[in-house]
Structures are given as C-alpha cells and as structure tokens.
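This report describes a structure chain by chain, from annotated regions to the surroundings of a ligand and the pairing of strands. Please keep the sequence and the structure in view while reading.

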Amino acid sequence: MSAPIIKIDSIAKSFGAFKVLDGLSMQVMPGEKLALIGPSGSGKTTILRILMTLERIDGGHIQIDGEHLYHMERNGQLLPADERHLTRMRQKIGMVFQLFNLFPHKCVLDNVTLAPMLTKGTPRAAAEKRAMELLDMVGMADKAKNMPAQLSGGQKQRVAIARALALSPKIMLFDEVTSALDPELVEEVLNVMRKLAAETDMTMLLVTHEMGFAHDFADRVLFFDRGRIVEEGKPDEIFRHPKQERTQAFLKKIIAAGHRV
Amino acid sequence: MTDWSGYLYLILQGALVTVELTLMGSVLALIMAFVAGLGRLSRFFAVRALATAYIEFFRGTSIFVQLFWVYFVLPLAGFELTPLQAGVLGLGLNVGAYGAEVVRGAVQSIGKEQYEACVALNLGRWQGMRHVILPQALLLMLPTFGNNAIELLKATSVVSLISLADMTFQANIVRSQTGNTMLPFATILILYFAMASAISWGVRTLERRMARGLDGVRT
Ligand SMILES: Nc1ncnc2c1ncn2[C@@H]1O[C@H](COP(=O)(O)OP(=O)(O)OP(=O)(O)O)[C@@H](O)[C@H]1O
Ligand SMILES: [Mg+2]
C-alpha cells in the first residue's frame, strides 16, 4: 500500500479565542475521493483553506506528498516554511471556491492561461491549447472569449474548475462549489466533477451539502462536528447506517430540509 | 487702439507652458502615486514608513512653500534646477502624495477573494498585484486621478512665483502693459476651463473603454 498524499497530524486552529480545530488528525490516500460533511461552523472550510495555505495553523503538522507543508527541513531541524517553500508546495494543490473567484477583467481563456504562463513559464500558445482542452472538458470552449460577467453561475464555476486544473495539481479542493448556484445549474457542475472523478487519478477533497452527490462521488465520507471527525466510512455506511447519534441527527435534519440522500 | 493679437500670442505662449507643466507634472505625480501608494502596503516597515512620511509631508504643507523650497533652497544644497524642472518636481511630488492615497484605497478595496484566488493559483505577490489586483483597481482610481490632474492644472499658476511664464503669469503681463484686466483674464478663464474639460473628457473616455472590457466579449 502506498503512502498517504495528505497527512494531517494533530493540527490546531483558533480564530481569536474560538478554537475551530483542536488536535485534528486525518490521512488521505493518493487518488482518493473524500467528502467532508457536517453542520455549519464545524470547520470543513477551514480545513480546506489550511491545505491551500489561505489560513495558517497554530500547531501540529501537515505533510503533502511526503513533504511538510508549513515546515522546512534544514539540517535535520524543522523550521517554519518561508514563501519559497510554500510556493513550491502550492504547486501540488488547487482549490475551487464557493463564489468562483474568477478574475472579472480577464476573458474566460485568459482566466485559465494566466497562472500557467506566470508560474510555470508556459508559452502562450501551449497554455491556450491546454486551456481549450480543459474548457472543452467542462463544456465551455465556445465561451472562451466571453468575460466572466456574461456567464451564469454554473458556467463561471465550470471555468473556475478548468482554471484550477490548468496547473495540473495532484490534489483538488472543492468548497461547496454548487451552493451559490441556482438549483437548475447545480447538475451541470456536478456532471463535470463526476467526469473528473472518473477520468483522472487526482486526489479530491469535497466539502458539500449535496448528500446524494457525496454518496455517489466519494470513496470515503468524513462527518465533522465542532472541528472533530465524529464518524468516517464508506458512503453507504455513513448515509445508510450511521452509527453515531450526531451523524444520525445531522442526516435526519438534512433530509427533512429536502435534500435527497 | 491696442494690438490684441500680439497680446493673445503672449497668452497662448503661456498656455503652452501650462500644458507642458500639467502633462509632465501628471506623469511624475502618477509615478509617485504608484510608488508611494504601493509602498504604504509593503510588507517592510521601512518602506511603509518612507512612503507615509512622503505622503504626510506633501499633503501637510502648501504647494506654494514646496515650490519655494525646490527652486530657492535646493540650489543652496547644490541642486540647481531650471524653473520648469522645479515646477514639474514641485507639482508632481505634491499631487503624487494625494494620488498615493487613491492608489492605496483602490488596491485595498479589491475583495479578499481575488487575493485568495491568486494564492490558490500560486501567483507571487507581485504577479498577483500586477496582473489581477492593479488592473481592477485602476478602474476605481481613474475618476479621482482625473480630479487630481485638474487640481494639478489649477495649481500650475503658482509657478509664476519662480518666474516661469505660464498662462497666469502672461495674463498679468498683459494686464500691466495694457491696463485692461477684463480681456486677458477672461481669455485665460476660458483656456483653463477648456483644458480642464479636455482632461475630464479624456479620463471619462478611458474609463468607459476599460469598463466595457469587464462585460463585453473580447475579440
Ligand atoms: N476568518 C475568520 N474569523 C473568525 N472566525 C472564523 C473565520 N473563519 C471561520 N471562522 C469560524 O470558524 C468556524 C468554522 O468555520 P468554517 O467556515 O470552517 O465552517 P464550515 O464547516 O465550513 O461551515 P459551513 O458549512 O457554514 O460553510 C465557524 O464558527 C466560523 O464562524
Ligand atoms: Mg464552509
């Protein structure tokens, strides 16, 4: 069996006096599709943001692909990571945001080509060729010259997925990527993600309130509450036969709110 | 009967000096605005302190006194400047200090999510600033930059203090030579207004063109 691609070792994170994460540990295997579910405020987004280096940890260790994320090894000592180390580590990770975060002043194609050209020195022609392949994959090739303001939410999110994929990360983080969309646009984004899961061996971490999708998509589901993993297991175990009371209560509430499982 | 065409020529010569001062001063002001405005957002304390000192000093003292220093005091320290150089330097530094706050405000008003997208795409700080933040911030800066340029135009009349023959200076000459106040000053009133209108129009056009890029199809 291979080594985990993500190894989180008793990390802590507080916002002011409020402890969001307190000694959380978890591991993700290469190629694994992981769904993170749990009530609002349980720390799901915070975990993804920490992995993307958008938030720093207060304690603990994270290893990505066998290397420390927030620490550098120098002469056998662990030092806090500097910007150069973080830049190198970020190459392995991509993130798709709830609100897309497209660059409004750049057309769809330029949104996708910007980072490869700047961070990898990819020549424009090669970057555009790859971008068109990705846009084609997410069904947005015909809108390559449009500005983001002309797109629907679902279209924007598909472009944002293509943009993150353009850097070929080993790990992709998805934070409630459909929750800002009108209901009729959710499916087009989920379809892209299904395709991605089927066609690539990327490791994917998904935070979602779409329980039906989490069930079909994930190899493993983690149920979070108050910054801790309350229960984890195969989708069928978590969704059909949850063992913990809190998991049962959460799923009941979700179903009552009209989400299908 | 006075020969007005000769005097008009004099005023137009002054107008040329005013335009020259406004253009060159604006270029310097623009450079200073970005240097000091981004300097105030620097990670490094020394850079922030330097930028803040520049901004506060030039906003806190009058352009009149600044010009006096640039032209009459700097030479004592060995910096000999022509009146035009002194005028451009004084005006550019003064208006640049106001512009710096515009740059800082516009950059800070770009949403946190744009910075986070830059991190997620692994852009360096400067790459993100240059390709993502500044192009969006520029649109927000433009209207105020237009106002600043008009302020600079109006401030050019202080250069007569350092014997630069700008439009106001020439109008005064005409007045003292002809005894007529109405005609020369009505003339420069119109000219100043025309120049300010040209600046407004230019900035508005630029703004419209940039804003159109945000919701149109790029071809
Ligand atoms: N920048 C911040 N400053 C202060 N508190 C924060 C900040 N970010 C998150 N929190 C708090 O940390 C807790 C965990 O937030 P997080 O966004 O990770 O939850 P979540 O599980 O993603 O919830 P949701 O399902 O609502 O998105 C919440 O109580 C939230 O209010
Ligand atoms: Mg969240």
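## Transmembrane annotations of chain B

The model described here is predicted. Residues 51–74 of chain B have their end C-alpha atoms 21 Å apart, with 88% of the span in helix and 0% in strand. This stretch is one of those to which an unreviewed UniProt entry gives the annotation "transmembrane region"; the others it covers are residues 6–39 and 182–203 of chain B. Residues 182–203 of chain B are 100% helix and 0% strand, and the end C-alpha atoms of that span stand 32 Å apart.

A longer annotation, also from an unreviewed UniProt entry, places "domain: ABC transmembrane type-1" at residues 15–200 of chain B. Within residues 15–200 of chain B, helix accounts for 81% and strand for 0%. The end C-alpha atoms of that span are 18 Å apart.

## Overall make-up of chain B

Chain B contains 8 helices and 0 strands. Read from the N terminus, its elements follow the pattern α-α-α-α-α-α-α-α. The C-alpha trace of chain B extends over about 75 × 50 × 25 Å along its principal axes.

## The annotated domain of chain A

For chain A, an unreviewed UniProt entry lists "domain: ABC transporter" at residues 6–251. That span of chain A is 37% helix and 28% strand, and its end C-alpha atoms lie 27 Å apart.

## The surroundings of ligand 1

Which residues are the closest to ligand 1? They are A:Ser40, A:Gly41, A:Lys44, A:Thr45 and A:Thr46, within a shell of 13 residues. By character, the residues of this shell divide into 4 nonpolar, 7 polar and 2 charged. Helix 1 (44–51) and strand 2 (18–28) of chain A each contribute at least two residues to the shell. The largest share, 3 residues, is that of helix 1 of chain A.

Several contacts reach oxygen atoms of the ligand. A polar side-chain atom of A:Thr45 is 2.6 Å from an oxygen atom of ligand 1, and a polar side-chain atom of A:Glu176 is 3.1 Å from an oxygen atom of ligand 1. From A:Ser42, by contrast, a backbone N or O atom lies 3.2 Å from an oxygen atom of ligand 1. Ligand 1 exposes 640 Å² when taken alone, and the protein buries 61% of that area.

## The open sheet of chain A

Strands in a sheet are paired by backbone hydrogen bonds, in either a parallel or an antiparallel sense. In chain A, 4 strands make up an open sheet with the order 2-1-4-5 and antiparallel pairing. Strand 2 and strand 5 (67–68) of chain A are the edge strands, each pairing on one side only.

Strand 1 (residues 6–15) of chain A pairs with strand 2 of chain A in the antiparallel sense over 8 bridges. In this pairing, A:Lys7 is opposite A:Gln27 of strand 2. The hairpin formed by strand 1 and strand 2 of chain A has 2 residues between the strands, and A:Gly16 there adopts a positive phi near 65 degrees. Strand 1 of chain A also pairs, again in the antiparallel sense, with strand 4 (residues 59–64) of chain A over 5 bridges. Opposite A:Ile6 stands A:Ile64 of strand 4, while A:Ile8 has A:Ile62 of strand 4 as its bridge partner.

## A second hairpin and an aromatic pair

Strand 11 and strand 12 (residues 228–233) of chain A run antiparallel and are joined by 5 bridges. Between these strands the hairpin has 2 residues, and A:Arg226 takes a positive phi near 45 degrees. The bridge partner of A:Phe223 is A:Glu231 in strand 12 of chain A.

A:Phe223 also takes part in an aromatic pair, with A:Phe250. How are the rings of A:Phe223 and A:Phe250 arranged? Their centres are 5.1 Å apart and their planes stand at 45 degrees, so the pair is tilted. This pair links distant parts of the chain, 27 residues apart: A:Phe223 belongs to strand 11 (residues 220–225) of chain A, and A:Phe250 to helix 9 (residues 245–256) of chain A. Over all chains, the structure holds 8 aromatic pairs.

Terms used: Residues are numbered from 1 along each chain as its sequence is written. Chains are lettered from A and ligands numbered from 1 in the order in which they are written. This is a predicted model: local features need pLDDT of at least 70, side-chain atom pairs count only at pLDDT 80 or more; totals for chains, interfaces and linings use all residues. Side-chain values use heavy atoms; hydrogens and water are left out. UniProt positions are given in the numbering used here, feature names are shortened, and annotations may be inferred rather than shown by experiment. A residue is near a molecule or strand if one of its heavy atoms lies within 4 Å of it. A polar contact is a pair of N or O atoms within 3.5 Å; within protein, one must be able to donate a hydrogen and the other to accept it, and residues adjacent in sequence count only if both atoms are side-chain atoms. Accessible areas come from the Shrake-Rupley method with a 1.4 Å probe; for residues, only the protein chains shown count as cover. Ala, Val, Leu, Ile, Met, Phe, Trp, Tyr, Cys and Pro count as nonpolar, Asp, Glu, Lys and Arg as charged, and the others, Gly among them, as polar. Two strands pair if DSSP finds at least two bridges between them. Rings of Phe, Tyr and Trp (its six-membered ring) pair if their centres lie within 6.5 Å; planes under 30 degrees apart count as stacked, over 60 as edge-to-face and the rest as tilted.
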